[in-house]
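Please open the structure in your viewer and keep the selection tool at hand. This tour goes from one selection to the next.

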Amino acid sequence: MKAVGARLPRYDATEHVTSGTRYVDDVRIPGTLWAKALRSPHDNAEILSIDTSKAEAMAGVHAVVTFKDVHKNVHGHIEGLGIPGDEPLLAETHVRYKGQPIAAVAADSEALAQRATEAIEVTYKVLPALFDVRKAFDADAPQAHHWGNWYPHFEGEMDRRQIRKGDIEQAFADADVIVQGTYRPAAIEHVPLETQVCQVVPEAGGRFVVYSATQAMYFSMGVVAAHLNWPLNKLKFVGGTTGGGFGGKVDTATETITTLLAIKSHRPVRWRWTRAEEFLFSSTRAAWHMEIADAVTKDGWILGRKMLTLHDAGAFARFSPYGVTKHAFHHTGAYTIPNLEFNGFVVYTNRTPSTAMRGFGVTSVSFATETHLERIAQTLGMDPLEVRMKNATRIGDTSPNGIPYTDPSTVPVMQALSGAVGIELPAHYRTMTSAIRSGEDLPGHLVAQLGNPEDH
Amino acid sequence: MNITINGTSRIVNAGPLTPLLHVLREELDVLSPKAGCQQGGCGTCTVLVNGEPRRSCLLPIAAVEGAEVRTVEGLASGGKLTPVQEAWIHHYAAQCGFCTSGFLMAATAYLEKGGSDDHAEIAAALGGHVCRCTGYVKIYDAVAAAARGESFDLATTAAGSRTTIRGVEL
């Protein structure tokens, strides 16, 4: 292993410092048109009519596309994982978030493309909008989504991601204290310095070359091919150079619409979002609402956890069911809690659809769990590090979904961090390892949850 | 209109209020300045105008007629990198690289004026430049090392100034 522990230079550093790196917007193809999208000005509205005739008649406008130009307008980004599609590429009868694309234009210049989108006439019937996940379940809540206000298609057509482990009622009956808390991290925009961008170039033989800033090349290729009902060999994707993504370039944001414009205009087309578009309309990290109630003993053991998670998907599902699944599997954080009752809902609102961002689905629960452990320590008057070390995952402990941990690192990480910030742990925790629990580290309530790591 | 770019006089056809960034990228194919925000807020388009760092997205070309404009394309000569470029490589100061061109030009202006390795002065010189991969510590390290006149081994990456906390190696 020559690389591990070695201080190797970046493979692309010389290109970066000499401007040799070619990002998507640096690709130069003669005759390239600029794309712009007409976006919904409303959070929730029916579309009564779309008239593109004035834009199509403008000199220098080479293509205008709407839902009529898309073979399969509704395609789920992860239909392959069993998440059905719910989001139109271009809105047809309804817009469900401000900024949702309705039509797109390819024209000789960026300014002309913008003017052409403004010449497209759309009439709307504006509807009340839903912005607060806590109100989504009210009988009189505005309807944010055509499936209802929360995603109903988890396996077995369940309307939530659910975990049941151990005997939650017994855990709460045995508790000395119930510690409750609610945690609400906000949506976050990724703000890559390179905004969403792609260029699509038609080749004479009928193949289209897609220069893409995506973080997920073959996935994006599949999404474009599915919308067009094309075989993959009619698309050549060129990617791998991304000017920052952080999860925000997992969604296929620009490639399909730009390809449609290139098909219709028979010209190369470039679509680069403005910073304003990036902030307002690109997908974000989701906002989350998490309610935790922990059954705790007075000496700091967590016997059980009841948790409700409302994940703000925004207007469409995209990857949210996957994010909530990860969230569910990690909902005890780096700790072992043997009795669990978890309900996680993917809630629709009329906000910008949310997506992956650095630790998709997990950072939210890490924030909630770590804050909650502080709350437990304060409630009990205990050292928060002791609460953590006690409940830290060990070899043989099982995850919320019952998988035995084979190589958990909570204990050594806590020991290293406490040293780094100058806190001396009590002797028992200084010498603790991740080895299978025994003695005072294996109280009765943790016996039944133990699994055999070799079975995994 | 004539603008001197990296020592070469170029004829520009765009109108006088066209942003310099647009002229550089779309008319002259000088691609190191990037269109990060086009509002003066991120620093990715920074170039040197008569030695001073300027946001090319906000600068109409009429304001740079006859001026000497320098970009990253003009830094290395004959394949020889400048010390600040070498410092960037050795200190791992680029991740995605999209902010690098703007940072490099601001750092070049700072060092050419005799800037020191003082953290606060470097921070002031690089103010308004955004790195979303959050590599600021490495960027400070690179500029400070270049200011000290260090030489750089491009086959390795330097240990960072924040790889230990209170003596504990992280």
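The tour covers a pair of helices and then a group of strands, in a model that is predicted.

**Stop 1: two helices in chain B**

Select residues 83-90 of chain B, which form helix 2, and add residues 136-147 of chain B, which form helix 5. The axes of helix 2 and helix 5 of chain B come within 8 Å and cross at roughly 140°. Angles over 145 degrees would count as roughly antiparallel; helix 2 and helix 5 of chain B are therefore oblique to each other. The crossing of helix 2 of chain B past helix 5 of chain B is right-handed.

Which residues meet where helix 2 of chain B contacts helix 5 of chain B? From helix 2 of chain B, show Pro83(B), Val84(B), Ala87(B) and Trp88(B). Their counterparts in helix 5 of chain B are Ala142(B), Val143(B), Ala145(B) and Ala146(B). This contact between helix 2 and helix 5 of chain B has 8 nonpolar residues, with no polar and no charged ones.

**Stop 2: strand 10 of chain A**

Now select residues 197-202 of chain A, which are strand 10. Is strand 10 of chain A mostly covered or mostly uncovered? It is mostly covered, with 5 of its 6 residues buried.

**Stop 3: the partners of strand 10**

Add strand 13 of chain A, residues 269-272, which pairs with strand 10 of chain A in the antiparallel sense over 4 bridges. Here Val197(A) stands opposite Arg272(A).

Next add strand 11 of chain A, residues 208-212. Strand 11 and strand 10 of chain A run antiparallel and are joined by 5 bridges. Pro202(A) has Phe208(A) as its bridge partner in strand 11 of chain A.

Finish at the hairpin of these two strands, which has 5 residues between them. In this hairpin, select Gly206(A), which takes a positive phi near 100°.

Note on methods. Residues numbered from 1 in each chain as written. Chains lettered and ligands numbered in written order. Predicted model: local features only at pLDDT ≥ 70, side-chain atom pairs only at ≥ 80, totals over all residues. Axes fitted to C-alpha atoms, helices over the stretch in contact; angles between N-to-C directions. Parallel < 35°, antiparallel > 145°, perpendicular 65-115°, else oblique. Left-handed = near helix turned anticlockwise from the far one by under 90°. Contact = placed C-beta atoms within 7 Å. Nonpolar A, V, L, I, M, F, W, Y, C, P; charged D, E, K, R; others polar. Buried ≥ 20, exposed ≤ 12 C-beta atoms within 10 Å, placed from the backbone. Pairing = 2+ DSSP bridges.
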